[in-house]
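Work through the two exercises below with the structure open. Each task is followed by a solution in steps.

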Amino acid sequence: MQSTNDKFKVVGTQLSDAEKISKPSLSFWKDVFIRFRKNKLAMFGLVLLAILIFMAIFGPYMTEYDYKTNDLTNKNQPPSAEHWFGTDDLGRDMFTRTWEGARISIFIGVAAALIDLFIGVAWGGIAGYKGGRTDETMMRAADILSGIPYLLLVILLMVVLGQGLGTMILAMTITGWINMSRIVRGQVLMLKSQEYVLASKTLGANTTRIMGKHLIPNSMGPILVTMTLTVPSAIFTEAYLGFLGLGLTPPLASWGTMANDGLPALRYYPWRLFFPAIFICLTIFAFNVVGDGLRDALDPRSRK
Amino acid sequence: MKKRLSIFFSMLLVVSMFLAACGGGGDNADGGGDGGKDVPQELKVNINTEPPSLNPGLAQDSTSGTVLRNIMEGLTRIGQKDEPEAAMAESWEISDDLKTYTFKIRDAQWSNGDPVTAQDFEYAWKWALDPNNQSTYSYQLYYIEGAEAANTGKGSMDDVGVKAIDDKTLEVKLVNPTPYFLELTAFYTYLPVNSKIAQENKDWATDAGDDYTTNGPFHMTEWSHSDKIILEKSDTYWDKDTVKLDSIEMVMINDPNTELSMFDNGELDWAGAPTGALPTDAMQALKDNGTLVTQAIAGVYNYKFNTTVEPLNNENIRKALSHALNREELIANITQGEQLPAMGIVPPTMFPENEKGHFPDNDVEAAKEFLEKGLEELGYEDASELPAIALSYNTSEAHQKIAQAVQDMWSQNLGIEVTLDNAEWNVYLDKLDNMDFQVARLGWLGDFNDAMNFLEMYKDADGGNNQTGWEDPEFQKLLEQSQTETDPDARLQLLKDAEAIFMDAMPVAPIYFYTNNWVQDESLKEVFVSGLGDVQYKWAYFE
Amino acid sequence: MAKYIGKRLLYMIISLWLIVTATFFLMRVAPGNPFASEKKLPPEIEANLQAHYGLDKPWYQQYTDYLVNVVTWDFGPSFKYKSQTVNDLISEGFPVSFLLGMEAIFIAVALGVLFGVIAALKQNKWQDYTTMAIAVLGISVPSFIMASFLQYFLAIKLGVFPVARWESFQHTILPAIALAAGPMAYIARLTRSSMIEVLANDYIKTAKAKGLSSGVITVKHAMRNALLPVVTYLGPLTASILTGSFVIEKIFGIPGLGFHFVTSITNRDYTVIMGVTVFYSIILLVAILLVDIAYGIIDPRIKLAGGKKGE
């Protein structure tokens, strides 16, 4: 295969050269970061998230009102110079309450999403990879848990464990991870029979390596999408739990409870629904684009 | 980048268009009725939920009551003057000791042509009292001699004081002179049942059909479970010339916003109480456009104190909490249904002087004095040393709002810290039964129009509906005297004295007396809502 | 295959038994009872009721009674709705929920997949961003808020649809959209993300290099594998949507089955709780089995029936 064509040239034959890294050395995370930064939409999402978190921390102190004092003579006021987001049905300042609520809702959304992520990925990943009886046992256990009436489960949790943040998070995640585990299992089932996984297996890679390097990273798309779905559902589940006496006790605010309270007022005092709802949307939007950006940045194939 | 942002902003725009559209507020009301003489006499109302049972002996809720009241008729019927009138009974005699009633049954027919007989009443009442039939409201019949014993298995059904002397004569013997007995005979547990059919088919009341015979102004022609009930004017009703509506469609919509929206869209002729409910947030708008109708009913919304735990075992603390409430403000801003501030336990429909009540509303000065005294008795220096008081309510938007406002009032006016505690309905009832609460909200709606109904439950500390742990020998004595007192005025005075004792001990902080609020089609006339909040369509018509 | 399905059916029966058992104990341990009400019953009447419904028997006897009920498919009378048995409630409510659910699933899948595919093919173009915006709205606005919005703007403001009730096809449109919005958004996002992943695969590049039209590539090669997570999600989704949604039925006044899932529990209507739980669980377990069978059809390399023998 010798060629005299001068379009070809010898690049080098030294063995040591072949092992040299041609691109500047970058750690994995640095690489991810650089790629993430190039994604403008994702950066925008990140900035948005930063603003939301900043407001959640400092927002409640920006007005002279606190989140709990009633002012019945000023109830249901539309947004104005005094009350930037208007007031609710007990005359409380919606701006203060919105940011007070941001703290709890963002925290709960993220916490629930992370817990669901860890349990769901581990459960679904193991079930899918091991297959056979392990798969049957683990997935049937998930089915049983999702067959039991959730409301009943929650009532009992509250009676047994009492009110509190821990109980609330537990109630939210007790069945929340199931969807994630099913998605991950499906992906793993499909991926594990693909050639590169078989190749890796043949080369002697152990389970952890195959899971960590091949199966999970290649399921990242559906995982992230499912995770961004968990955030809003946790925010609203919190409101639902509150209704059962398990969530926050009033006058504490959260976006979920504010949106719940504001919904019947839609025809009369729309701002009571609008503000919590728009900030939930913005948060989800931010999580979505950041998630997408992260996925792209993590995907080795998008490396150029 | 520009493009991406612009998409994001266009998304924002869509949402804000929603907002802009909301600004208008909705009043494209106006149902049917174009002034013509020949208006269709078809009424469409919402009854909220599926009636759990349309067997008079098994019914125990207001939805079933609403349907039954319009298709069946008892010995008496509450007339448009809000007093019992002759109905299936054309006349009656009362013995001198006021304990024996002899009813003469009118010549009336069931919808299948069978005559209505005295036996139908005896059968129905004894059926409800038979412990094998699982009637939950059978205790409404305990005013009848021997009824309680028979129902609880301690006596024989033959000793129950109701007897059909002949086809048209019914004799009823009572335990005590019961001045409101003729009202009770209009109540649904006292309705007759077509005994011929009921004896043959025990499931006669589970569906509309040939076996579901009625003796009231309307007849049920369709019962589509959880969806709708259709009533049509009954041809066999003795007073059918009075009935003007041709049909009533009762739909089951369990959402106040939807109910009002359907009314605004002309899909319903009535929205709100007594069969449905109006959304609280709509109240102001409905008041502003002048369509809201308000009527006081016999019911009271209470905060019950658990008098067995510190600090609520202290009378002065209880009084402090009760006096520190600004009921007027609560009603004007939160419940918004023009309820009456309650500073007494018996509704003003029975005790007119309770419009003023036993103490002034929002008396913060007095409240502070009571608090001082109470703290001293309990050995505290300052209100801030009191442990936080837990205020319990069952899950509902309205209760939650009131609780938050009360929390704020107690903290602002008295410096008492209050924590809110809500629970799902059944868990909540369980808590109340076990006295596992400090302050708890509970409403009471009268079953019949008498003060006894509002006082009796506090007679014994372990009574099922007391839930405060409070009892008082003097109070008990007055109630017992009233039961045998035959002079109405003396009886009334005894009950008033009892209420005074009760209010002085304040085991309960009454908040407000209930009202019914609704909107109705302008051309709909003469729908009658009684003082107990029961609706009748017998006289209703569209003009 | 037949052997696999047979084995799964056996697992299903075991799962069902465990669900019934867990539900039985949870509902009996939960505070409250079916006869509790604001106006308390005299104790004698309550005791009589307890005896009539067998609630005074020892727990193991009640438990076996329930198991017999499940096996014979006769759940007994409702405690609350005395004119109906649990079987009546299910047979009357389910057809309504089923119809509405099918409509919603159709909307969710058709539009969700369509949007997802478009977004993936036009990644980072305006089509992608528009579907993304719709999806974010769909995901972050829960069905009950969506339902109120639709009802207010399309029924009250514009008068295009009736406000509520279950009478004609017109009446089903708004509730179906409200039910479908969330799943549609999620399906669109799932499809998009796995499509993008699949499109980057070598075999797609090969197909492209071979000169296949992009339509063929999309349908024949890419979509097939990209739909796997959607199918996974569709199993449980179908089960829950077909058995009705409490909030949607409440807001639109629909006489479906979803209502009973919530009210039976708040009423502690034990027989109804058991009936609807068993009914839902059977549908759920069947749906999940179908999903697993579908895996093998989508990708024949997926082997579920215990890996050892085949490989």
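The exercises concern a predicted model and cover a chain contact and a sheet.

**Exercise 1. The contact between chains B and C**

Task: Determine how many residues each chain gives to the contact, and describe the side of chain B by element and by class.

Solution.
1. Count residues on either side, taking C-beta atoms within 7 Å as the criterion. Chain B contributes 45 residues and chain C contributes 45 residues.
2. Assign the residues of chain B to elements. At least two residues each come from helix H1 (2-22), helix H7 (256-264), helix H13 (425-433) and strand E16 (439-445) of chain B.
3. Find the main supplier. H1(B) gives six residues, the largest share of the side of chain B that touches chain C.
4. Sort by class. The side of chain B that touches chain C holds nine charged, 18 polar and 18 nonpolar residues.

**Exercise 2. A four-stranded sheet in chain B**

Task: Establish the strand order of the open sheet in chain B, explain why one side of each edge strand has no neighbour, and place helix H2 of chain B.

Solution.
1. Read the order. The four strands of chain B run E1-E10-E9-E8 in an open sheet with mixed pairing.
2. Look at the edges. Strand E1 (42-46) and strand E8 (218-224) of chain B each have a single partner strand, so one side of each lacks a neighbour in the sheet.
3. Take the twist. From one strand to the next, the twist averages 20°.
4. Inspect one pair. Strand E9 (residues 228-233) and strand E10 (residues 247-251) of chain B are antiparallel, with five bridges. In E10(B), Ile248(B) is the residue opposite Leu231(B).
5. Add the helix. Helix H2 (residues 62-71) of chain B lies across E8, E9 and E10 of chain B, at about 140° to E8(B).

Note on methods:
Residues numbered from 1 in each chain as written. Chains lettered and ligands numbered in written order. Predicted model: local features only at pLDDT ≥ 70, side-chain atom pairs only at ≥ 80, totals over all residues. Contact = placed C-beta atoms within 7 Å. Nonpolar A, V, L, I, M, F, W, Y, C, P; charged D, E, K, R; others polar. Pairing = 2+ DSSP bridges. Axes fitted to C-alpha atoms, helices over the stretch in contact; angles between N-to-C directions.
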